[in-house]
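Q: Could you show me how to read confidence, a helix and a sheet from a set of atoms?

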Amino acid sequence: MHLTRPVRTLYAAAIFLGAFLLFAVEPMAAKRLLPALGGSSAVWITCLVFFQTVLLLGYLYAHTLARADAPSLPNTPPPGASAGAPSLPNTPAPGASAGAPSFSARRWRKGWALLHIALLALAVLLLLLLPQPDLRTASAHPFTAIFAALGLSIGLPFLLLASTSPLLQVWMARDAAATIPWRLFALSNAGSLLALLVYPSLIEPYLTLTAQRHLWIAGFILYALLCTALALRRKPGAPSLPVLERWDTADAGAPSLPVLERWESTLRSRLLWFALPAVAAMQLCAVTAYLTQNIAAIPLLWVIPLAAYLVSFIIAFEIPRLYRRWIIIRLLLILLASLGYMLTKEGVGLPIVPALAFFVTELFVTCYFCHAESYVLRPASRAEGTLFYLLVASGGAAGSIFIGILCPLLFDGNYDLGLAFLATAIAIVITWSTRPGWPQWLLSAGIVGAMIATVLMMRIAYMRDTILAERNFYGALRVTQTNAPIALTIRTLTNGTIKHGTQWFAPDFRRTPTTYYAHDSGIGLALGACCGDRPRNIGVVGLGAGTIAAYGRPGDRITFYEINPAVPPIAQKLFTYLRDSPAHIDLVLGDARLSLAAEPSHHYDVLVIDAFSGDAIPMHLLTTQAMDVYRRQLAPNGVLAFHVSNQFLDLAPEIATLAHATGMGARLIGTPPDETRGEFQAIWVLVSASREFLNDPEIFNAAQLIPSRPGLYPWTDNRSSLLPILRWKVIPRR
């Protein structure tokens, strides 16, 4: 049966809209979770695991529905086939009409269509009626909390959207009595890519999260109506092709095959359908984690790697003639060797543009290699079409689960990128296994050996001078110990590549604040000018090594808020700032903003905001709602001290904007490094409603002009964008 142009357009519109909605909701849903989970980049990586897992379930649903929807026909050889030739399963017997399914088949076919319609209606009702989950009351592990929240809020709609491309392509092929329309797969990826490009550039900067959700729900309702129309038009008597027929590969640039050649894919091919997407997903998660931990946990940096991943899919499936294995593999080996060497060198930093370019290029080339090889190995028969999708999605889910969930549980350090590079090298070798010979095996052994050496060198570099290493959801913590003539013993706490505190154990320096907290830094000046000689009440968001406790005096009270449960034991046992402080020390475990909002006012004289997530302060700590929480906790003339030392984000102008919006003033204090005393370059912004404090000579004379940036507005939980404050040139850090 020939499908009319309007019907074909309806199929294309449903597939494109479904893909757009599928990927538009990913950064939107993840961003909504950040305020309750500390803004860690691990939130997005866990969301990726959820999305890949539900994508797998969506493909499984499509596979099941397509198989159940297929007609059940006799398994007899086609007319004229010899007795020794392979028979074609589900081929009509001689004289049987392919377009006349039995009454039972027609009834089942209608039933499955009605089931899909019912699930679409249920998904719409859940979106309209079910309240958004409140993670502020969640007590489960962040992994399970994220899965539960996303499952309740978008689980069923996401599953149905994920099933769109494979399911509707099978429906269209059967209704048109034609081959699977592979170009609709590229159209699906184009819709996904458009969503990822539009979100950070047009949606996030200009629309609140509430408006985003309402528009997305409206789009999903339109999508549900399109799919319902397509399901209803699938009349019980509509013609249907036999389940097993060859793919038409002539228009895809693939070589033609004999009619009866390889109806079933080999076991090796099926394993590679799973393994190659798994490698691509490992690279996606590992590269995204590296960028968001070392630059910022923001949707902008979530979507760039995901966009590269999708573009590789589009090119591999839409322009297969473009793929040249020998060029891609050689380019990939150069990139793997270069970036692998860089990973073994601690302290290597790049400006944001080269860093993004190098890592995203490597990610794209790897994903293009994996997806192009998957396309080369695509199934020869229609019956394996949804199985192909299913195994591709299974590999994607397995790769993301390995990087996002298993690696933090199995390893005490962050070796994710090295392991992803090793998996890529193994994938390269496997694709060469069809051409055995000693030169190839020698080169293959060299490739895999080089990547194993990279992982081992990462391990050696990571464990050098390390006395403790621990990893969990919130990051990879490490304490190193070195010696120096003046300091004697030096201990440093790092999370990833970011130093969270250093202590010199020489008697003259044991209680001296170092790194970003020196006496002439913004926090040192604030604590010296705020209260005279009376006891002070100080709150600190972010414990680290506990360096600020060195400022404690008898009668002072210092309360530290820390989200990572692994940090307090380290600060208490391996550093002495907390033990040596004469102040009364309290520790509150959990997200600081949620804890401060739930507690009565402590009337803090100084409230320090020093919660690093990679190299960035989590955005949910820099909104008007957060400022309201801070002001309620401050004494009438209290001071907010924001630590904004950052390579990639110029946070000072935004904090000044927030201060002015809440009727407060701001002073920027920047200090240079002093290696002789273990002091780093530090940038602090002091915010207060007290003119007396802001005009104190020691504060006023040390203050610097806060630069202005166009396009700034006070961030809220509902609307924020980091694009206006991105710093495109790197600022060196210690």
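The dialogue below takes these topics in turn.

A: This is a predicted model, in which local features need pLDDT of at least 70 and side-chain atom pairs count only at pLDDT 80 or more, whereas totals for chains, interfaces and linings use all residues. Residues are numbered from 1 along each chain as its sequence is written, and side-chain values use heavy atoms, with hydrogens and water left out.

Q: What pLDDT does the protein chain average?

A: pLDDT is the predictor's confidence in each residue, from 0 to 100; here the protein chain averages 79, and 79% of the residues score at least 70. Over residues 72–105 pLDDT stays under 50, and the model has 32 contacts (heavy atoms within 4.5 Å) for them beyond four places in sequence.

Q: Where in helix 4 does a kink lie?

A: A helix is a DSSP run of H or I of at least four residues, and a strand a run of E of at least two, both numbered from the N terminus. The bend at a residue is the angle between axes fitted to the seven residues ending there and the seven starting there; in helix 4 a kink of about 70° lies at Ile154, shortly before the proline Pro157.

Q: How are the four strands of the open sheet ordered?

A: Strands of a sheet pair through backbone hydrogen bonds, either parallel or antiparallel. Two strands count as paired if DSSP finds at least two bridges between them; here the order is 1-2-3-4, with antiparallel pairing. Strand 1 (466–472) and strand 4 (498–504) are the edges, each pairing on one side only. Strand 2 (residues 475–484) and strand 3 (residues 488–495) pair over eight bridges, and Thr482 has Ile490 in strand 3 as its bridge partner.
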